Amino acid sequence: MSSRLRQIAQLDRVIHEPARLMIAATLYLVKEADFLYFRHQTELTKGNLSSHLAKLEEAGYVEIEKTYRGKIPMTVCRLTKKGRASFKAYEAALRGVLFEPAIGAFGASR
Amino acid sequence: MYERITYPRSGYVAPGGTMRRLCIWIVASTILAVVTAELAFRYASVVGWDSDRWVQWTPAVAGLTNWAVSVFVSVRYGLLRYLLVGFAVSIECPLRLATEIWLAGVGCAWLCSGGVTVWNFVRTTPLFADAK
């Protein structure tokens, strides 16, 4: 297996899933956001979004805080230090795989 | 007021460090520009420059700045009416003559434009079911 293909295989699967990637990419740019904001941005269903957030929380990438705004319950999410580092690493890895010169990287197939 | 309009529709989001840094940079550079201009006007005569002529240029510079900001906003956010607003506010920036009227007009133009933006947002972004 070429080093480039190995890099693809080693991508962080927790972040790599499209829905979780959307969540992580959004949280990487902001300080914190609530469940409603994610529903609006990602257009995922409640259950789907909830399960993806739970997976990110389980991996220690996202911190979830349940609170109230007036009488309305609010779920605020923020990226942890580990999550931020992992997203940065994922971005660098993906960049390396996709944009670095490809000469010889996929082996001499032609 | 802001939260009453935005929260039930778009949800809550707190801007990150990049946004805060950008705001700090904008405020700091504005203060620096104002202080530099003030000092330049005050002490221009010391080095032999005629500050009265600089003052004559100020309306033109202010008008161009307004125009540039409006063009940026209209291109960046796709708000074409800013081209019109920018043109209107940059026509004249009088320092002595009818400054109050001009400032009131500019204020009204920005308020109307902001009002249209808020109205469009409220009209096109429905309440989420779990926010009702």
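Begin by selecting helix H3 and helix H6 of chain A, the latter covering residues 81-99, in this predicted model: the axes of the two helices come within 10 Å of each other and cross at roughly 110°. That angle makes H3(A) roughly perpendicular to H6(A), because angles from 65 to 115 degrees are counted in that class. If you turn the view until one helix lies in front of the other, the crossing in which H3(A) passes H6(A) is a left-handed one.

Next, keep H3(A) alone on the screen by selecting residues 18-29 of chain A, a stretch of 12 residues that reaches 17 Å from its first C-alpha to its last, close to the 16 Å expected at 1.5 Å a residue. Now show the side chains of A:Ala19, A:Arg20, A:Ile23, A:Ala24, A:Thr26 and A:Leu27, which are buried in H3(A). These residues lie on the same side of H3(A), because they cover an arc of only 165° around the axis. Turning to the other side of H3(A), select A:Pro18 and A:Leu29, both of which are exposed.

Then move to the N-terminal end of H3(A) and add A:Glu17, the residue that caps this end, with a side-chain oxygen placed 2.9 Å from the backbone nitrogen of A:Ala19.

Finally, leave chain A and select chain B, whose secondary structure comes to five helices and one strand. Following chain B from its N terminus, you will pass through the elements in the order α-β-α-α-α-α. If you colour chain B by burial, 22% of its 132 residues count as buried.

Conventions:
Residues numbered from 1 in each chain as written. Chains lettered and ligands numbered in written order. Predicted model: local features only at pLDDT ≥ 70, side-chain atom pairs only at ≥ 80, totals over all residues. Heavy atoms only, no water. Helix = DSSP H or I, 4+ residues; strand = E, 2+ residues; numbered from the N terminus. Expected span 1.5 Å × (residues − 1). Buried < 20%, exposed > 50% of the residue type's maximum accessible area, 1.4 Å probe, protein only. Arc of directions from axis to C-beta. Polar contact = N/O pair within 3.5 Å; in protein donor to acceptor, adjacent residues only side chain to side chain. Axes fitted to C-alpha atoms, helices over the stretch in contact; angles between N-to-C directions. Parallel < 35°, antiparallel > 145°, perpendicular 65-115°, else oblique. Left-handed = near helix turned anticlockwise from the far one by under 90°.
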